[in-house]
Amino acid sequence: MTPSTVYKIYEITLHILAIIYVIITGIGTFQFKHDTLVLMANLDKTLVAYNFGLKIFFFVIKRSQLQKLINEIKYSGDKVSEERVKFMSAHIIFITILSTIIVSIFCFLAQYHGEMTVELWVPFDPMDSKINLILANQIAAITFVVPHMYRAFAVQGIVCTLIMYLCDQLDELQERIRSLVHSTDNESAMRVEFTQIIKKHVRLMRYSNTLTNIFKEFFLIQNLAVTIELCLNALMVIVSEGVALAAYQSAWTSWPSDLQRDLLTVIRAAQKPLKLSAGGMATMCIQTYSQALYNAYSIFAVLNDVVE
């Protein structure tokens, strides 16, 4: 059996595992269609995998075009420093290790509390015993970590690497343009150098357009994922705030005094809306998203001043 055949079998296996995850989590989410909060929470969890899965799907479709672009860059003669190569590799390794640690922590916490990391359908009752719960969580991990998370980070690494390559080459063009000095003695050499700069700039613009065409669906899915995340959080807030209103609109005036006190407790608790947070530091809402964009631009402006 040739290495290419082995890889093809491996790739098909990953595709099958990814499809299995989508199916079993879809059924698991549907099972809680009457429990709005659990439904929203599970959609929020599975959204990550669906986001990764769609990115991988479009990546596989555009893979031949990407391979052609990478080969062209490889034989273009452009230089990439050793420091940049190490940084690109370290970036991918760091993100992969960090994400693995975070996912592992969530899995261990869910196991410790006797919960499912994500609601999914399995042909047995996960809550029947600890062994069943471990097995169900392992099924979730096996069908998510490698088929979705690791492959998505690999694709993300390719995208970031190509973007960093383009940025480095554009920086090099800037330095070459700044270093051009005209004189009667070097006019011929300067014209040749300037022609080479123009040719490289045109080539880099072509690379950029090709990269945009290959990954346009990739970035669209990323944008949609953020938008859906915000919508889910907004919907959860609205639904949770409705509990307080529903309690107030009930026929509580005819209730016994002890039940009225309990209802008051429910109203007070419901007035603090349920929400999704980013690391416990920021609420996932449009204000947070806008602030993140503002902070990102501020950091960019500072770094741009430093570079210049």
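With which residue does Arg178 form a salt bridge? In this predicted model, the partner of Arg178 is Glu175, and the closest N and O atoms of the two residues are 3.1 Å apart. Because Arg178 and Glu175 are 3 residues apart in helix H5, about one helical turn separates them. An α-helix has 3.6 residues a turn, so residues three or four places apart point the same way. Arg178 is itself exposed, its relative accessible area being 56%.

The structure contains 11 salt bridges, and some of these join distant parts of the chain. The side chains of Arg203 and Asp78 meet in one such salt bridge, at 2.8 Å from N to O; Arg203 belongs to helix H6 (residues 187-248), whereas Asp78 lies in the loop between H3 and helix H4 (82-112), 125 residues apart. Both Arg203 and Asp78 are buried. A further salt bridge is formed by the side chains of Glu172 and Lys200, with an N to O distance of 2.4 Å, and this pair links helix H5, which holds Glu172, to helix H6, which holds Lys200, across 28 residues. Lys200 counts as buried because its relative accessibility is 7%, under the 20% cut-off, while Glu172, at 30%, is partly exposed. Asp78, Glu172, Arg176, Glu193, Lys200 and Arg203 are linked in a network of salt bridges.

Helix H1 (residues 3-30) consists of 28 residues and spans 41 Å from its first C-alpha to its last, close to the expected 40 Å. Its buried residues include Glu11, Leu14, Tyr21 and Ile24, and the elements that cover the buried residues of H1 include helix H2 (36-61), helix H3 (63-74) and helix H5 (130-178).

Technical notes:
Residues are numbered from 1 along each chain as its sequence is written. This is a predicted model: local features need pLDDT of at least 70, side-chain atom pairs count only at pLDDT 80 or more; totals for chains, interfaces and linings use all residues. Side-chain values use heavy atoms; hydrogens and water are left out. Helices (H or I, at least four residues) and strands (E, at least two) are DSSP runs, numbered from the N terminus. The expected span of a helix is 1.5 Å times one less than its number of residues. Buried means under 20% relative accessible area, exposed over 50%, partly exposed in between (1.4 Å probe, protein chains only). Contact means heavy atoms within 4.5 Å. A salt bridge is a side-chain nitrogen of Lys or Arg within 4 Å of a carboxyl oxygen of Asp or Glu.
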